[in-house]
Amino acid sequence: MPRPLVQDVVPPNRRSIRDVSIDHHHRKRIRLPIEDEQKQDDTTPREPVNREYPKRGKSKGLFWVIIILGIVGLLFLVSMLFSGARVDVSINSAEVRIDDTSTAYSNPESPNLLAYQTVSVNKELSRTVPANGRELVQKRASGKITIYNNFSTQSQRLITNTRFETPEGLIYRIDRPVVVPGLSRDGETTTPGSIEVTVYADSPGEQYNISESDFTIPGFRGDPRYSAFYARTATPLSGGFSGEVNVASPEDTEAAREQLRTELLTLVEREIQTQYPDDFILYTDAIFTTFESLPDKDSSDGASLSVTEKATAHAFIFKKDDFSSYVARQTIGSYENEPIMLMNPQDLSFSIVDKDSVSPNTDTEFTFSLSGPARLVWEFDPEALKLNLVGKPKTEGEAILRNHKEIKTAQIVVRPFWKDVLPDREARIRIKVVSGE
């Protein structure tokens with residue numbers, strides 16, 4: 001019997017899913033996990049999957065904004081950490097030649113006059129010589145006294161052999177003329193002028209050996225100056241003697257003293273070189289050395305004598321600043337007393353005019369000649385310059401530098417390069433001295 005044909009029968013009142021229309025405007029979007037998608041049979045029809053991603057244009061713009069802000073912040077930080085200024089300056093200098101004769105003063109009345117100071121040293125050396133006999137010896141005591149002028153502000157000159165008398169009537173004399181400075185006043189306070197000199201007993205003998213005393217000047221007796229001029233011992237007065245002593249031959253004694261003077265001259269000149277400060281200048285011809293033969297002393301056995309010589313050296317010294325300014329005034333017409341330094345003082349020839357007539361422990365002025373090539377360099381204060389430049393615009397700073405006579409050329413370098421104002425702190429400004437060549 002034939003199998004009846006089977007056909008799909010669709011009742012008229014039922015609808016098939018194929019007949020349902022799809023509204024694309026109201027389609028519900030379903031996001032499936034990838035792993036769920038993979039589980040589906042590849043043969044199974046799939047609904048299209050719409051995935052939403054961020055818009056790439058906006059994310060790129062935000063990224064670059066962050067980068068730019070970071071760079072700007074970094075540049076600002078670097079500029080704060082490494083900001084500063086360097087000022088390169090070359091110092092003004094002058095090569096000149098001086099050939100001049102001038103006068104120096106111990107107490108100049110004007111700042112344009114050259115001032116000097118005096119330093120002194122003393123040395124003693126002894127040598128033994130054989131005694132070869134006895135003889136009568138007459139020696140006068142000697143030592144130092146200080147003379148005071150309480151009479152007026154005017155100085156007083158005392159001639160050679162001026163007498164000084166003790167209350168006991170002992171007479172001592174000076175062996176050269178001296179000038180006693182006048183008194184000085186400071187408000188109601190009066191200070192006598194004074195000077196230290198060497199005096200010698202009027203006669204030989206041990207009675208003139210004294211440790212201390214006051215003195216009057218008999219030559220002023222009956223004059224108002226008699227009570228206003230006086231003196232006091234500065235050292236004991238000693239060496240007076242009258243009697244027989246052991247003696248050496250004159251040849252041996254003089255040979256010993258000559259050797260002692262030669263040794264002493266080297267010693268005192270070497271020592272005086274160490275006595276003055278570093279900021280002073282000393283020339284060899286400004287050193288005065290005198291010798292004093294001290295009394296011979298017997299040895300304990302009487303077979304020899306001790307011969308002793310004393311050397312006293314005085315030297316005129318000049319402060320470097322004062323001497324440099326003096327040289328500049330004599331050689332540079334435009335010089336106006338600004339700080340300057342003579343770089344080669346020892347290359348100049350210095351000599352005192354009529355040196356034998358100069359008394360370094362009494363005179364208050366002397367004449368000298370100076371010649372030779374001089375190199376002068378202007379001085380400047382870096383710290384003061386920084387103070388002038390702090391917080392100034394670069395153009396104003398350059399104008400300030402041009403007004404400094406000691407600066408030959410200058411250049412300001414500010415960091416970072418885009419800034420045109422110098423730092424507001426001195427520590428961030430560095431002054432560098434460069435060659436002016």
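In what order do the six strands of the open sheet run? The order is S8-S9-S13-S6-S15-S14, and the pairing is antiparallel. Bear in mind that this is a predicted model. Below is a quick tour of that sheet, then the nonpolar cores and a pocket.

**The six-stranded sheet**
- Strand S8 (163-165) and strand S14 (214-215) are the edge strands, each pairing on one side only.
- S8 teams up with strand S9 (residues 171-174) through three bridges, in the antiparallel sense.
- Within S8 and S9, you'll find Glu 165 standing opposite Ile 171.

**Nonpolar cores**
- As a rule of thumb, nonpolar side chains in soluble globular proteins tend to be buried together.
- Here the largest nonpolar core has 59 residues, and the ones touching the most other members are Phe 323, Val 327, Ile 332, Phe 350, Phe 366 and Leu 370.
- Take Phe 323: leaving aside residues up to four places away in sequence, it touches Leu 114, Ile 281, Tyr 283, Phe 318, Leu 342 and Leu 370.
- Another core lies apart from that one, with 22 residues that include Ile 145, Leu 158, Ala 201 and Tyr 208.

**The second largest pocket**
- This pocket has a volume of about 290 Å³.
- It is lined by 17 residues, and closest to its centre are Val 137, Lys 139, Val 245, Asn 246 and Asp 296.
- Strand S5 (133-139), strand S16 (241-247), helix H4 (250-272) and strand S17 (280-298) each give two or more residues to the lining.
- S16 supplies the largest share, with four residues.
- By type, the lining of the second largest pocket splits into eight nonpolar, five polar and four charged residues.

Notes: Residues numbered from 1 in each chain as written. Predicted model: local features only at pLDDT ≥ 70, side-chain atom pairs only at ≥ 80, totals over all residues. Heavy atoms only, no water. 1 Å grid on protein atoms, 1.4 Å probe; cavity = no way out; pocket = protein on both sides within 12 Å on 5 of 7 lines; lining within 4 Å. Points joined across faces, edges and corners; volume = space filled by probe spheres on them. Nonpolar A, V, L, I, M, F, W, Y, C, P; charged D, E, K, R; others polar. Core = buried A, V, L, I, M, F, W, Y, C linked by side-chain atoms within 4.5 Å. Buried < 20%, exposed > 50% of the residue type's maximum accessible area, 1.4 Å probe, protein only. Contact = heavy atoms within 4.5 Å. Pairing = 2+ DSSP bridges.
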